[in-house]
Amino acid sequence: MKTNRTFLSTAIACSFMTLSSASFAAGFQLAEYSATGLGRAYAGEAAMADNASAQWRNPAMLTYLSGTQVSAGAIYVNPNVDVEGTVNFNNALSHANASDYANDAVVPNFYFSYQLNERVFLGLALGTNYGMETDLSGFAASHFGDEAMIKTMEANLNLGYQLTETVSVGGGVRYVMGEGHFGASVPETNALSLPQGSTLKYMEGDDTSWGWQIGAAWQIHPQHRVAFSYKSEVVMDFEGHAEGITYGNYKPGQLAVTLPATAELASFHQLTEQWAIHSSINWTDWSSFDQLTAEFNDGSSDLIKSENWKDSYRFALGTSYTWDQDLTLRAGVAYDLSAVSTRFRTATIPETDRTWLSIGAGYQATKQLTLDAGFTYIFAKKASLYEPRETSDDTAASLAGTYTGKVSGNVWLVGVQASYRF
């Protein structure tokens, strides 16, 4: 058992996320790695090299960064998600609604790149790929879950290598740290006449793990570039404890969770001296997020939740316009496909398709210093949900009834970035 707070199931925490809880790619994945890319809806990122942040999406792009560069910034996330529905308990209906129940968040980042020689480039990146937080206090369907938090922090050590004048490759090692908690409680009306708010399940903890990434870029022509990048899955073996009516005061155990592999195919095209367009297709292996089974130290196990997610895709198209030697304007649009089918959507994961609309700008304040800002509005497709979905939810349903509802929401993102070239 680790001396730090540990949690039996990051995946369970993930099961109680919302699309707005600082998680805006499919599932509980984060896309917000820089304000520079935010201004173009992260279109073509694996083929872009604006500053040292380029290595986060493709380590091969380090070869486009001369000298020594530092970039740092943060993105403020303001989610607004509402759910409206009814609980049916013994044929008696009651309202189960919640508004604006995902917390705001600030997602920071830091990047450093260094040109060792004409062919070898080194980089350090600090950011995050996953995160969320929700609070459904007093929710009438709290027996399916009413609180959750997960956040990850990641450090990358990267290397880029110039194979030829037109081809670059890169790779890196990823160290991932994660922490979180999850809770489900008894609603006011329940079969056992338990006090409202009594803890059904509560789990908490942290863990660390390793992964890797690779990438390549091909400069087809001075005005045209294509690139590909791949991030490995990261297996998090969580050791921790559970408590509440379901498990007792303290029940130690563990659960393995796979953070999915991702890939990106991107392009950059300089159409004129002022205009450029960039595009990307992203894939996430969410089918690896299938079911969550806890293995306890006493030899017992528990199917916490069946997820049955599917692989998801993201399509993005952006443009950049060089107004003058100091000012660059950006815009972009993207479409995220849901990782969850209608059958498996839940009140705690109202995962659905999302559309991004983005604008941004970069200003070269001095010869060495560039300032970037980005703004994005995300609107989610309205979606229906029903719990229980299958046998893993039956115990909760028998305690306090079934839940039927609809979820809607939107997200505002505002980011700033400062980059310095030595």
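About 40 Å³ of space lies in the second largest cavity of this predicted model, where a cavity is a set of points on a 1 Å grid over the protein atoms alone at which a 1.4 Å probe fits but cannot get out, and a volume is the space filled by probe spheres set on the points, joined across faces, edges and corners. Its lining residues, meaning those with an atom within 4 Å of a point, include Tyr 33, Arg 40, Glu 45 and Asp 50, and the lining divides into four nonpolar, five polar and three charged residues.

Two cavities of 30 Å³ or more turn up in a search of the whole structure, and the largest has a volume of about 340 Å³. Gln 29, Leu 30, Arg 57, Thr 262 and Asn 282 lie nearest the centre of that largest cavity, out of 28 lining residues.

Turning to a single residue, why do we call Thr 152 buried? Thr 152 is buried because its relative accessible area is 8%, the cut-off for buried being under 20% with a 1.4 Å probe and protein chains only. The side chain of Thr 152 reaches the backbone oxygen of Tyr 130 at 2.8 Å.

As for confidence, the mean pLDDT of the chain, on the predictor's scale from 0 to 100, is 88, yet pLDDT stays under 50 over residues 1-24.

On conventions, residues are numbered from 1 along each chain as its sequence is written, and side-chain values use heavy atoms, with hydrogens and water left out. Because the model is predicted, local features need pLDDT of at least 70 and side-chain atom pairs count only at pLDDT 80 or more, whereas totals for chains, interfaces and linings use all residues.

How values were computed. Contact = heavy atoms within 4.5 Å. Buried < 20%, exposed > 50% of the residue type's maximum accessible area, 1.4 Å probe, protein only. Polar contact = N/O pair within 3.5 Å; in protein donor to acceptor, adjacent residues only side chain to side chain. 1 Å grid on protein atoms, 1.4 Å probe; cavity = no way out; pocket = protein on both sides within 12 Å on 5 of 7 lines; lining within 4 Å. Nonpolar A, V, L, I, M, F, W, Y, C, P; charged D, E, K, R; others polar.
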